[in-house]
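Biologist: Please take one part of this model, the charged side chains that pair with one another, and go through it closely. I would like the cut-offs stated as you go.

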Amino acid sequence: MPYANQTLKYFSLFIAFSIIFSTAQAQDNAGVLEEIIVTAQKREQSVQDVGLTVAAFSDEQYRELTRGTLDGLAAQVSNLQAYANNSYLESVHIRGIGLNEFQGQFDSPVALHMDEVYMAKPWMKARRKYDIGRVEVLKGPQGTLFGRNTTGGSLNYYTKAPADVFEAELQAGIDEHERYRVTGMVNSPLSEELSGRISFNTELGNGGPQKNLFSGDEHGRPDIMDLRGQLLWSGEKLTVRALVHDRRVCPQ
């Protein structure tokens, strides 16, 4: 009987130590953070090694959290505000610095870059972003690396590059103003070294957010077609990526 009690005691201690070890291991695994790679300083770095205030989003995070709009992005980033003066003119503020004018020809002190190409005017910022690979919001002056008009910071969008696998995607949506949106892409390898990607965004509708109280007509009906074509050639020591953008806008 004493032998049975001693065996039961050792067995209970073994179970207790096993539970403690399993709990500690689970806590260690839960504390491991995925490394975030950004290009805030024109080269790939871990966000922990960049001496800047950076908010970064992957493609899935950007699509799920922001809906591809500036106001959706502003809702996820502290000290970032987006103000819409009308359907096609938006103003972006970072830490209170931004453009308060309603004219479309002024340059904002917060820069927006699409694949490192500077979008100067407010009406360029209002276009919906689609087929995005990642987004980086850089807070504070960025004139050293990104030039003028970056007193408040910079919003940097990077589109998805062509890949060496075939994939296709199609999304559709509708809102309360009878406006419809269709977004999609097709990616395919063309040879061992060459890949291509075509992505598009279309917005159509029968109504709009503005209503004329005298005539009853609705205004702001979108008629937008965005198209992006890409080719990516990858050699042993050289990679070349070519992009072509086209956009037709006929707001009503």
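**The charged network and its surroundings**

Modeller: Glu167 counts as partly exposed, because its relative accessibility is 32%, where buried means under 20% relative accessible area, exposed over 50% and partly exposed in between, with a 1.4 Å probe and protein chains only. This is a predicted model, in which local features need pLDDT of at least 70 and side-chain atom pairs count only at pLDDT 80 or more, while totals for chains, interfaces and linings use all residues. Residues are numbered from 1 along each chain as its sequence is written, and side-chain values use heavy atoms, with hydrogens and water left out.

Glu167 is joined to Arg197 by a salt bridge whose closest N and O atoms are 3.4 Å apart, the term standing for a side-chain nitrogen of Lys or Arg within 4 Å of a carboxyl oxygen of Asp or Glu. Since Glu167 belongs to strand β10 (residues 167–174) and Arg197 to strand β12, this pair ties together parts that are 30 residues apart in sequence; here helices (H or I, at least four residues) and strands (E, at least two) are DSSP runs, numbered from the N terminus. Arg197, at 3% relative accessibility, counts as buried. Through shared partners, salt bridges join Asp131, Glu167 and Arg197 into one network.

The other contact of this network is the salt bridge between Arg197 and Asp131, with 2.8 Å between the closest N and O atoms. It links distant parts of the chain, 66 residues apart, with Arg197 in β12 (residues 194–205) and Asp131 in the loop between α4 (122–125) and β8. Both Arg197 and Asp131 are buried.

The structure holds five salt bridges, and one of them brings together the side chains of Arg134 and Glu136, at 3.1 Å from N to O. Arg134 counts as partly exposed because its relative accessibility is 25%, whereas Glu136, at 0%, counts as buried.

As for the surrounding fold, strand β8 takes part in an open sheet of five strands with mixed pairing, in the order β3-β8-β9-β6-β7, where two strands pair if DSSP finds at least two bridges between them. β3 (53–58) and β7 (117–119) stand at the edges with a single partner strand each, so one side of each is left without a neighbour in the sheet. Within this sheet, β6 (residues 110–114) and β9 (residues 153–159) run parallel and are joined by five bridges, with Leu112 standing opposite Leu155 in β9.
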